[in-house]
Amino acid sequence: MGRGSLRIYLGAAPGVGKTVAMLEEAHRRRERGTDVVVGYVESHGRPHTESLVDGLEVLPRRQVAHRGSTLTELDVAAVLARRPQVVLVDELAHTNAGDGTDSPAHAKRWQDVEEILDAGIDVISTVNIQHLESLNDVAFSITGVRQQETVPDEVVRRAEQVQLVDMSPEALRRRMAHGNVYGADKVDAALANYFRVGNLSALREIALLWLADRVDEALERYRAAQGIRDPWPTRERVVVALTGGTGSETLLRRGARIATRAAGGDLIACHVRSAEGLAPADPAAITRLRRLARDLGAEFHDVAGNDVAEAILDHARGVNATQIVVGVSRRSRWQQLLRPGVASAVADGSGDIDVHLVSHEGSKVGHRRARAAGLPARRVAAGLVLAVVALAALTGVLVATREGHTLSLDLLLYLALTVACALVGGIWPALFCAVVGSLAVNWFFTEPRGTLTISDPPNALALAVFVLVAMAVSSVVNVAARRTEQAVAAERESAALAALSRDLLAEPRPVPALLDRARGDLGMRAALLTERGDDGAAVVVASTDPAHVAGTRLADGSAWAVDVTVDDGVHLLLDGPPLAAEDQRVVEAYAAHAAILHGREQLVRAAREAAGLARDNAARATLLAAVSHDLRTPLASIKAGISTLRQSGLPLSPDDEAELLESVEESTDRLDALIGNLLDLSRLETGMVRPHSHSVDLLDAVVSTVRTTSAPARVDIDLEPDLPLVRVDLGLLDRVLANVVENALRHSGSADVRLTAGRIGDTVQLRVVDRGPGVDDTDKDRIFAAFQRLGDAPRGDGLGLGLAVARGLMTVMGGTLSPEDTPGGGLTMVLELPVAVTDPVPTPEEDA
């Protein structure tokens, strides 16, 4: 029994008609004689959907208890017992309900579907694009709604058929307005929030792109299964062949322009390196190319191959490319006659792939210079000395023992000497040895001796073959020796760079560590990193020897042994002896690391500055909120007291007048303190002052604040004894406590508010507990937003700024303010205050 097939109707948004499309397909199959049943269909009370269920066999659902209510779920056992050919299962991402004995066998409905498929039953299901696991965060960023029910992408990708159910945003909104999706009481809210035109357009594009990628994957699987290597131009894919040399950036930008001419075109940067890993590659150049490819929206692939042209073509065919961009050859004309360049080879073997040959600033230059690099001069000199001395010695020995050997042995000995010279000094000493050796054999050991003429033709042929073989063998040995040296150097560089990367990860200050490592590895006296300042002058970012740098002109590049451009305006400078040519790649690698580390440090600084700006914005918001909220209460008390005293017809006793005057005085003092705190906040927002933090006795601060609240008798203070002092600004703490306690009193009805406190680690946790209606988890963050009352102010007083002000001030003081549910109902505000180091409590005069 084989596995059943899965067909999924993928919706771009709720209400596009996935379930209707699934039911219509079920009716079509039923008319063709297929055994189709409804396992689970959710009609959401829509009449048209319910009418389509009529005429289809509907299997009973499983009744489950869930949180005190009874729900219905898909009955997998009933489906397996019935064993239809096809079963309809709606809402693939659904989470199964059930408590206790009714707990489901599978947590998710897609797992139920997997069990049904394993039983050999075909399944037709539905899912919306926002329920795919990989797109959940994307959908949330667009719609602002986090989907709690998701399905793994792999489940949907494994489906034999995925059909998109699409509808334009305008048509879907019209369907919503006509009441075909939601009830009339939900239409306005839905249209104003989730079902906005922008949201629907974005979700529609995501669905189309996701399905297009799946179609592309299916096409690649088909081409691989059928052994099709020729590209199919279903989508424009431009491959840019890069070597990392001069002109690579020009090629990449040209390829980007070509790709953008076709809507939906893909750009792929293909860097080709030798499969042996011995070809020189500039790490800094490769880093720049990767960054440029990322900026251009291209994929960057690193491929290796013995034949560069064939590697490019194989990669282009592998990604189903339609166009290849390659630079024109750097070879001269006579070199191209002997061996065609990469561009010519790519064009000749491209087949149906279009090839663009692009001229650039690196063409026609530098090739012979790169080929001319050989062994060091000391090695060549040593090889020549060996050739002269060994030739003289070998010839002398052979002349002295002339009768004990044959011409063939002489040629083999001179050939061995030629190979030795090639190993020591390269091709030129070996050629010198081969030519001089052939002349020596001709003069001393070939008849007639003592002349350069040869009487025996076979001897002449043997001598000619000796010269050719000696030249060929010396050339091969020379190349092998160079490759061996390159391999050893590459291994040494790789080990050094790997150790460098590993060590820098553990360094708390990686840039100075990098400079110190570069100075030591390259034998320099000093190393530093500079960047261009605002005035255009060079500024030292980091240095291994500040005293040495102080006496050196940074702007004078000639004063440094090495001056490498790391990034725009950033330079790596090394002071010391001249650098060997073979160390240049190591310097470039250090420069690439420096670019990465410098960029990372810039990002860290930018993040710190952004955090500082965020704190400044929070302080500014707190200031504005306080002006409109906290100043009104004392002003209202002052005005009420003065208005009462001014009413001439209102008889007041001396005690009443004294009480009113005392109230006006207290409100004035409080207003004066608030204005002072607000001025401090404004200075804090501009970075001119800091909070006046002192060691404060929390109990005294709490009692002082509670006395000024609207109902101090309803506040129960229950703080732990022997609490440590907290380090806060006493005036700001008073405002925080007043706002939080007043908020608790307002929402507790007639119940009391309880204040408790205890020490937890390096903080003291003060809890303000009320017994009000509480706040939903989804609204706990919103209550700290300005002008947010969330319908929780029955009397309608206040602007909903108290908690916003309180949290802002707590942040300024280095504390936190967070909400928790009160056991048994209500809300608890938790204030975490830092414990003070032993520090005298300020007197009232000091705090003022």
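Here are some exercises with worked solutions on the structure above, which is a predicted model.

**Exercise 1. An enclosed space**

Find out which residues line the second largest cavity, and sort them by element and by kind.

*Solution.*

Step 1: Start with the overall picture. The structure holds four cavities of 30 Å³ or more. We'll look at the second largest, with about 60 Å³ of space.

Step 2: List the lining. Around this second largest cavity you'll find Ala284, Thr287, Arg288, Arg291, Thr565, Val566, Ala591, Ala592 and Ala595.

Step 3: Place the residues on elements. Helix H11 (283-295), strand E16 (562-567) and helix H22 (584-629) are the elements that give two or more residues to the lining. H11 supplies the largest share, four residues.

Step 4: Sort by kind. The lining divides into five nonpolar, two polar and two charged residues.

**Exercise 2. A greasy-looking spot on the outside**

Work out which residues form the nonpolar surface patch and which helix gives the most to the patch.

*Solution.*

Step 1: Pick out the members. Leu384, Val385, Val388, Val389 and Phe432 make up a nonpolar patch on the surface. Together they have about 420 Å² of accessible area.

Step 2: Find the main contributor. That's helix H16 (residues 377-400), with four residues in the patch.

Step 3: Zoom in on one member. Val388 has its place in helix H16. Its relative accessibility is 48%, so Val388 counts as partly exposed.

**Exercise 3. Three salt bridges, one by one**

For each of the pairs Asp266 and Arg237, Arg519 and Asp516, and Asp718 and Arg754, say where the partners sit and how exposed they are.

*Solution.*

Step 1: Recall the idea. Side chains of opposite charge can pair when their charged atoms come close. Here, a side-chain nitrogen of Lys or Arg has to be within 4 Å of a carboxyl oxygen of Asp or Glu. The count by this rule is 22 salt bridges.

Step 2: Take Asp266 and Arg237. Their side chains meet in a salt bridge at 3.5 Å, N to O. Asp266 belongs to strand E10 (residues 266-274) and Arg237 to strand E9 (residues 237-242), so this pair ties together parts that are 29 residues apart in sequence. Now check the exposure, remembering that buried means under 20%. Asp266, with a relative accessible area of 22%, is partly exposed, whereas Arg237, with 6%, is buried.

Step 3: Take Arg519 and Asp516. Their salt bridge is 3.0 Å, N to O. Both are in helix H20 (residues 510-522), and because they are three residues apart, about one helical turn separates them. Arg519 is partly exposed at 26% relative accessibility, and Asp516 is partly exposed at 40%.

Step 4: Take Asp718 and Arg754. The closest N and O atoms of this salt bridge are 2.7 Å apart. This pair links distant parts of the chain, with Asp718 in strand E19 (residues 715-719) and Arg754 in strand E21 (residues 753-760), 36 residues apart. Both ends come out as partly exposed: Asp718 has 35% relative accessibility, and Arg754 has 38%.

Step 5: Look beyond pairs. Arg3, Glu114, Asp118 and Arg158 are linked in a network of salt bridges.

**Exercise 4. Positive phi angles**

Arg83 and Asp722 both have a positive phi. Locate each residue and decide whether it is buried, partly exposed or exposed.

*Solution.*

Step 1: Check Arg83. Its phi is about 50°, although Arg83 is not a glycine. You'll find Arg83 in the loop between helix H3 (76-82) and strand E6 (86-89). With 42% relative accessibility, Arg83 counts as partly exposed.

Step 2: Check Asp722. Phi is near 60° for this residue, which is also not a glycine. Asp722 sits in the loop between E19 and strand E20 (726-729). Its relative accessible area is 79%, and exposed means over 50%, so Asp722 is exposed.

**Exercise 5. Apart in sequence, but how far in space?**

How far apart are the C-alpha atoms of Arg204 and Val165?

*Solution.*

Step 1: Place Arg204. This residue is in helix H9 (residues 197-225), and with a relative accessible area of 28% Arg204 is partly exposed.

Step 2: Compare chain and space. Arg204 and Val165 are 39 residues apart along the chain, and 9.9 Å separates their C-alpha atoms.

Definitions and conventions: Residues numbered from 1 in each chain as written. Predicted model: local features only at pLDDT ≥ 70, side-chain atom pairs only at ≥ 80, totals over all residues. Heavy atoms only, no water. 1 Å grid on protein atoms, 1.4 Å probe; cavity = no way out; pocket = protein on both sides within 12 Å on 5 of 7 lines; lining within 4 Å. Points joined across faces, edges and corners; volume = space filled by probe spheres on them. Nonpolar A, V, L, I, M, F, W, Y, C, P; charged D, E, K, R; others polar. Patch = residues over 30% accessible without salt bridge, like charges linked within 9 Å, V, L, I, M, F, W, Y side chains within 5 Å. Areas by Shrake-Rupley, 256 points an atom, 1.4 Å probe, with all protein chains shown as cover. Buried < 20%, exposed > 50% of the residue type's maximum accessible area, 1.4 Å probe, protein only.
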